[in-house]
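Hi,

Here is the structure I said I would pass on to you. Have a look at it first, and then read my notes below.

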Amino acid sequence: MSKFDELVWNKMRRIPRGRVTTYKQLANAINTRAYRAVGNACKRNPYSPEVPCHRVVKSDGRIGGFGGEMSGQRVMKKISMLKREGVHVKDGKVVEFNKKLFKFR
DNA sequence: TCACTATATCAGC
DNA sequence: GCTGATATAGTGA
């Protein structure tokens, strides 16, 4: 756990329900280019739904690549949660991703 | 200090 | 337009 993690989680928590963001936006909000470090901190989040890492996707609108798309079963759980919030995921991609993309300000 | 990583971007084809 | 390789930042060992 480091300051960076807290910062990332702090930003991530700002994501409203039914909205998603990208690692790029997160990194931009933190003023860094460590896109991977952001995702790295996310997967290590010791918190519960307070840090919705499942609301963070790639710039393509695709869900992050965990242990490969084949192991997307755990991601499927997140997708289910996202769908419940109004964010539908089709073929591993967020529907209307461009509209649901939440930009940090 | 070295290597790996839940990405992004640029270049090449 | 798609695929491959490179750049960047941070963590863990």
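Chain A has five helices and four strands, where helices (H or I, at least four residues) and strands (E, at least two) are DSSP runs numbered from the N terminus. Along the sequence they come in the pattern α-β-α-α-β-α-β-β-α.

Before going on: this is a predicted model, in which local features need pLDDT of at least 70 and side-chain atom pairs count only at pLDDT 80 or more, while totals for chains, interfaces and linings use all residues. Residues are numbered from 1 along each chain as its sequence is written, chains are lettered from A and ligands numbered from 1 in the order in which they are written, and side-chain values use heavy atoms, with hydrogens and water left out.

Of the 105 residues in chain A, 39% count as buried (under 20% relative accessible area, with exposed over 50% and partly exposed in between; 1.4 Å probe, protein chains only). Contacts here are heavy atoms within 4.5 Å. Taking those between residues at least 6 apart in sequence, 71% join residues at least 24 apart.

Now the inside. Helix α2 (residues 23–30) has Tyr 23, Gln 25, Leu 26, Ala 27 and Ile 30 buried. Their cover includes α1, β1 (21–22), α3 and β2 (56–57). Just past α2, Asn 31 has a positive phi of about 70°.

Lys 11 caught my eye. This residue sits in helix α1 (residues 3–12) and touches Leu 26, Ala 29, Ile 30 and Phe 104, leaving aside residues up to four places away in sequence. Lys 11 is buried but has no salt bridge, and the nearest side chain of opposite charge, Glu 6, is 13 Å away. (A salt bridge is a side-chain nitrogen of Lys or Arg within 4 Å of a carboxyl oxygen of Asp or Glu; Lys and Arg count as positive, Asp and Glu as negative, and His and the chain ends are not counted.)

Then there is the DNA. Residues around DNA strand C include Ser 2, Phe 4, Thr 32, Ala 34 and Arg 44, each with a heavy atom within 4 Å of the strand. Of the strand C atoms within 4 Å of the protein, 72% belong to sugar or phosphate and the rest to bases. A polar side-chain atom of Ser 2 is 3.3 Å from a phosphate oxygen of strand C. A side-chain N or O atom of Thr 32 lies 3.2 Å from a sugar or linking oxygen of strand C.

Cheers

Notes:
Polar contact = N/O pair within 3.5 Å; in protein donor to acceptor, adjacent residues only side chain to side chain.
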